[in-house]
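This briefing addresses the packing of a single protein model. Please consult the sequence and coordinates shown here alongside the points below.

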Amino acid sequence: AALLPAAEAGDAPSPTQASEAAARREAERLETLGGILSSPLAMRRGDVGQGGRSLQSLGMGQAAELPLLGVLFAAPLAYVDGAGAVHAMEPLDFEKERELICESVRESGRQLGVRFEAATTDRLRTLVTLGRCAGLHYSGHGDPQFLTLEDGKGLTHFVRTATLAQLLGGGGGGGTGLRFVFVSACFSQAAASCFVEAGVPAVVAVTLSGRLLDGAAHTFTRAFYLALAVGRTVRQAFHIGKQAVAAAPDVRQSAMESDKFVLLLQPPRADGTHAADDEPPFPDLPVALDWAPPERLSALCLPAGPDVFLGRNVQTYSVTSALLERRLTTVVGPDGVGKSAIALVAAHYLIERRYFADGAVRVDFSQPAPSEHLPCALVATARAALAAEEGGAEGGGSLGQGA
């Protein structure tokens, strides 16, 4: 069923102005750090996956020249209906899609930067404004009237196509450096048209006629990015992806699913040619013997979350929003109800969205202990995390003030 936004995205203060201001601040920060691919945060935190060699061994100039694929995942925990009630969002299999993109780059044997971000209006506008990405991949819930993003705190941000066009048109899409966009969501053709209007040469989307099976989306994604990584044009990679879906033995009604993918192009030139066919978005990538995917930020400082975590999105959102508004948040409930699991999932969620950039630590107080032991345990755990971080980062360095 279609999700109805509680309010128009345009009702908020001008998203274009706010996002462009944030983008300018981000651009200044990255310039100070020496560029997005050579920043200390990217080197230490594993934001960008590169092939074979570390970013430091590539050298600042060479690393900055590598093409970059930006990947935006919209995984809000909940949404608010027109009456103000909070409801859980249906989870999507982003882990599988992330694995497929990384697997495609690794199997290609090429050196391609991949940057994973949470899909917010700020991050979308920032990536478009910076012009560092040759390609942009969006994955999330689809709807004929709007694109679902995140509000940055765990709720869904429903951005109508008209507002999306305004957001993208703030800087003029033709100067972004984007060669293609893949809007991987059901009913995404209307939203994809906004990228075309903003000047992107080629946009892959899903028709407005029906929902796309997960298996078809996964098959297309893998074949599409493998073709791009080995130097095919967007049009060639698009048809390779469609053929892969049509021939997939595990996709029901594979021919019909294949036809749901559409390629939107800029109008042809006077001679009938298209900008999308001029040059592949990732031409002549260097060979990578052992391409390494970007590490998850939270994996560097927190234990893994529970293998199974279902039906707790609304409670998790309550924790994430409380953590961002208060200095202390306490989760209470009977033994075994899942308090620790919710706290850990909430921490992972926020760290992945670049909150608490100095990291997070988990201190185990499952065993009874006098209250005066709490400060000592906290200090000891923080020191251990700091030592591990410094030991794992080339050149050392501290975690910063908030450690």
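The points that follow cover the nonpolar cores, a buried threonine, a strand hairpin and the cysteines.

The model is predicted. Its largest nonpolar core comprises 39 residues, and helix H9 is the element that gives the most to it. Strands E7 and E8 form a hairpin, and the structure holds 0 disulfides.

**Nonpolar cores**

- Within the 39 residues of the largest core, the members that touch the most other members are Phe180, Phe220, Phe224, Tyr225, Leu228, Phe261 and Phe282.
- Two or more residues of this core come from each of strands E2 (68-73), E5 (113-118), E9 (180-184), E10 (202-206) and E11 (261-265), and from each of helices H5 (94-108), H9 (214-229) and H10 (234-246).
- The contribution of H9 amounts to 7 residues, the most from any element.
- Setting aside residues up to four places away in sequence, Leu228 touches Phe180, Thr233, Val234, Ala237, Pro281 and Phe282.
- Another core, of 31 residues, lies apart from the largest one; Leu68, Val196, Ala198 and Val203 are among its members.

**Thr221 in helix H9**

- Thr221 belongs to helix H9.
- Thr221 is classed as buried because its relative accessibility is 0%, where the cut-off for buried is under 20%.
- Apart from neighbours within four places in sequence, the residues in contact with Thr221 are Glu97, Ile101, Ser104, His137 and Phe182.

**The E7-E8 hairpin**

- Strand E7 spans residues 146-150, and 5 of its 5 residues are buried.
- Both faces of E7 are covered, with Phe146, Thr148 and Glu150 buried on one side and Leu147 and Leu149 buried on the other.
- Strand E8 (residues 156-160) pairs with E7 in the antiparallel sense, over 5 bridges.
- Thr148 has Phe158 of E8 as its bridge partner.
- The hairpin formed by E7 and E8 has 5 residues between the two strands, and Gly152 in the turn shows a positive phi of about 95°.

**Cysteines**

- A disulfide is a covalent bond between the sulfur atoms of two cysteines.
- The count of disulfides in this structure is 0.
- Cys133 counts as buried because its relative accessibility is 2%.
- Cys186 also counts as buried, because its relative accessibility is 15% and the cut-off is under 20%.

How values were computed
Residues are numbered from 1 along each chain as its sequence is written. This is a predicted model: local features need pLDDT of at least 70, side-chain atom pairs count only at pLDDT 80 or more; totals for chains, interfaces and linings use all residues. Side-chain values use heavy atoms; hydrogens and water are left out. A disulfide is a pair of cysteine sulfur atoms within 2.5 Å. Buried means under 20% relative accessible area, exposed over 50%, partly exposed in between (1.4 Å probe, protein chains only). Helices (H or I, at least four residues) and strands (E, at least two) are DSSP runs, numbered from the N terminus. Two strands pair if DSSP finds at least two bridges between them. A nonpolar core is a set of buried Ala, Val, Leu, Ile, Met, Phe, Trp, Tyr and Cys residues joined through side-chain atoms within 4.5 Å. Contact means heavy atoms within 4.5 Å.
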